[in-house]
Amino acid sequence: TAGGLFSLTDDAGNPAVDSGIITYNRETFCFEDQHFDRNVANVICRSLGYDIATSWVSVENDNYFAPLSKLKCWSEEWSSCTYSEDSECGSSRAVRITCKCELTFVNL
């Protein structure tokens, strides 16, 4: 599954919980508005064990090189996603995402 390949890190590259820069096989995705949308963000958060993405933004960070680009998901599963490995993005536009678990209340 993709879940083991995704992780969230802070600006220094340390593991982060529920909010951080997305890494995939230790590489980062370039933030591109036309490709990185709510569906992509939700697929990544679900792959990490969360329910939904609450935000995603472009961040500048010289500690990361963002060689992965044009990430697009055609359904709610990572297996439907495609991306390119020829990004000219550099470090200036990595993606920081915030994920959360939704709580469901049941009346007993």
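Which residue caps the N-terminal end of α1? Keep that in mind as you look through these close-ups of a predicted model; the second view gives the answer.

**View 1. The whole chain combines one helix with seven strands.** Welcome to the overall picture. Following the sequence, you will meet the elements in the order β-β-β-α-β-β-β-β. Of the 108 residues here, 41% count as buried. Among contacts in the chain with a separation of 6 or more, 67% link residues 24 or more positions apart. On the outside, the chain exposes about 6,400 Å², and carbon and sulfur atoms supply 47% of that area.

**View 2. D37 caps the N-terminal end of helix α1.** Here is the answer to the opening question. A side-chain oxygen of D37 lies 3.2 Å from the backbone nitrogen of N39. The helix itself covers residues 38–47. Just after α1, look for G49, which takes a positive phi of about 100°.

**View 3. Helix α1 holds a run of buried residues.** Find V40, A41, N42, V43, I44 and C45, which are buried in this helix. What lies over them? The cover for the buried residues of α1 includes strands from both sides of the helix in sequence: β1 (6–9) and β2 (19–24), then β4 (52–59), β5 (69–73), β6 (81–84) and β7 (94–100).

**View 4. The largest nonpolar core has 23 residues.** In this core, the residues that touch the most other members are I22, F29, F36 and I97. Two or more residues come from each of β1, β2, α1, β4, β5 and β7. Helix α1 gives the largest share, with five residues. As a general background, nonpolar side chains tend to be buried together in soluble globular proteins.

**View 5. I97 has a varied set of neighbours.** Leaving out residues up to four places away in sequence, I97 touches L8, D18, S19, G20 and I22. Its partners also include A41, I44 and C45, along with A53, S55 and W56. I97 is also one of the core residues that touch the most other members.

**View 6. S84 sits in strand β6.** Is S84 buried or exposed? S84 counts as buried because its relative accessible area is 16%, and buried means under 20%. Setting aside neighbours within four places in sequence, you can find S84 in contact with P67, L68, S69 and K70.

Notes. Residues numbered from 1 in each chain as written. Predicted model: local features only at pLDDT ≥ 70, side-chain atom pairs only at ≥ 80, totals over all residues. Heavy atoms only, no water. Buried < 20%, exposed > 50% of the residue type's maximum accessible area, 1.4 Å probe, protein only. Helix = DSSP H or I, 4+ residues; strand = E, 2+ residues; numbered from the N terminus. Contact = heavy atoms within 4.5 Å. Polar contact = N/O pair within 3.5 Å; in protein donor to acceptor, adjacent residues only side chain to side chain. Core = buried A, V, L, I, M, F, W, Y, C linked by side-chain atoms within 4.5 Å. Areas by Shrake-Rupley, 256 points an atom, 1.4 Å probe, with all protein chains shown as cover.
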